[in-house]
Amino acid sequence: MNALIRYTFATTVHAQRYLAPVLLFCAGVGISSGNNSGPLPGVYALNAAISLVCATWLTIAVISVEDPVHRAITVVAARSPIRVLAATVAVSALLALGLTVIGLVMPLVLSPRPVSAADLPAGALAHLLCGSLGIAIGLVCSRLVFRRQGYALLVALALAAAALLTTGSPPNTLFKRMANTSDAGDVLPLALALLPAGLAALAVAAVITHVVSVRRD
Amino acid sequence: MLSVEAVSKRYGGGNWVLREVDLTVEPGAVVAIVGGNGSGKSTLLRLMVGVSRPTLGQVSGRPDVVGYVPERFPPNERLSALAYLGHLGRIRGMTGEAAAERAEELLERLDLQGGFDSQLRTLSKGNAQKVALAQALMVPPGLLVLDEPWSGLDADAHGVLATIIAETAAAGGAVVFTDHRESVTRANATRIHRIHDGRIAAAIAPERAIVEVALSRPDSDAEDPGWDDLDGVVTAVTHQGQLFVRVDRAHSDALLAVALRHGWSIDSVTPEKAAS
């Protein structure tokens, strides 16, 4: 499994397709965490929202990097399409973790402000929730499920918008609480309770992607 | 033993690509699948290696180590040939060191031009095909599946490929390949299946007469005339100091003349039995 993750990571890094979403994220975080951007929980909520969109893009990039024929060779070498998909998810998760670090640290670097003990954990949980949802959307909108990239883009935008803007969706619920509090300790229990929802969505998306891609091949 | 039982395949709601295909490939067999464009050859190979699943029927008895060489090796990979093979070796469970060693050995044997360390995307079609072949051989395969492996390879590599196929079969591996040229399938396969319109025909034994010539060097002065390049040579393998050349009967006399002229000594000449 380690070898597969290393290979997937190497092809992703060499193809440099990860750069655009990472730069977009840095730009977004730079804007959201400038001066006068208010209390830290609100900033982290906004950064997490941007990370959802960027994690979706990153996941699609990780999958698109490998040509279907190369992927077929890898599947034969790894002896299972599930393991190849798992490596894809692992690499996407590593990249999403990188976004999380950027999203948490950059606001503190750009404009130093008081940090409470609960700020970082609450922000990290919000990022992880959005990262897992972003990877989930990226998986079901990848080439493994959609042949036509235009349709995939439209569906990805619709799903990301729905996840972020629908009242009652986990990120939306969490963001509203984070935006209206200056003490992150208040939202910590909610953030902790919502993370499993994100991970469950990721698991369901991985199963859907596997079933569809295997049926299609 | 790999067995394909009553396999039918179609993509989505499209036409049937394969219908009721039955085929078994026993260890040591070299099976050629011939047929026109779009006859379902590539689809059958994809089913055999497990990249694709049958719509009906089943494929069973696939060996643990399968080598798959697709028809075209897309040149969009930015890794170098050595790095790519190293990764695939590790995915197959080799240590990094063993994978690097094996990769270098295979690339040297296949005579990869254009640099072991240059990006795959810069390689020519034939050289990319050599890398595709090498990745399938990183671990000696129990089943080697090659989709039009000769296309794009230069004449030198043709001989090496024929030898690799013979070696894999001799080591107990099953080999399945496609090609549309009669001369190639006749020379390399122990069994030929024709596929037409998604249906596969019963096996035909290739009609050929192959002679195995065993040669040795009485002294080290004997020159190497480049056995693989001689007319009619199917394989040339050195085994325990002796060189075994399998050659088409029509060219065996010429080969013997060349061997004597270069100072080799002929140990035996044995007609090979046509496999049934």
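**Strand S6 and the domain contact of chain B**

Reader: In this predicted model, which residues of strand S6 of chain B point one way and which the other, and are they buried or exposed?

Author: In the predicted model, strand S6 of chain B covers residues 143-146, and its side chains are divided between two directions, with Leu143(B) and Val145(B) pointing one way and Leu144(B) and Leu146(B) the other way. A residue counts as buried if 20 or more other C-beta atoms lie within 10 Å of its own, and by that criterion all of these residues are buried.

Reader: Which residue of S7(B) stands opposite Leu146(B)?

Author: S6(B) pairs in the parallel sense over 4 bridges with strand S5 of chain B, residues 66-69, where Gly67(B) has Leu144(B) as its bridge partner. S6(B) also pairs with strand S7 of chain B, residues 174-178, in the parallel sense over 4 bridges. Within S7(B), the residue that stands opposite Leu146(B) is Phe177(B).

Reader: Which helix joins S6(B) and S7(B) in a right-handed β-α-β unit, and which helix gives the largest share of the side of domain 1 of chain B that touches domain 2 of chain B?

Author: The β-α-β unit is right-handed and is made by S6(B), helix H5 of chain B, residues 155-170, and S7(B). Chain B is divided into domain 1 (47-200) and domain 2 (210-272), and their contact takes 10 residues from domain 1 of chain B and 7 residues from domain 2 of chain B. On the domain 1 side, H5 and helix H6 (182-188) of chain B each supply at least two residues, while the largest share, 8 residues, comes from H5(B).

How values were computed: Residues numbered from 1 in each chain as written. Chains lettered and ligands numbered in written order. Predicted model: local features only at pLDDT ≥ 70, side-chain atom pairs only at ≥ 80, totals over all residues. Buried ≥ 20, exposed ≤ 12 C-beta atoms within 10 Å, placed from the backbone. Pairing = 2+ DSSP bridges. Right-handed = clockwise from strand over helix to strand, strands pointing away. Domains from an automatic or database assignment. Contact = placed C-beta atoms within 7 Å.
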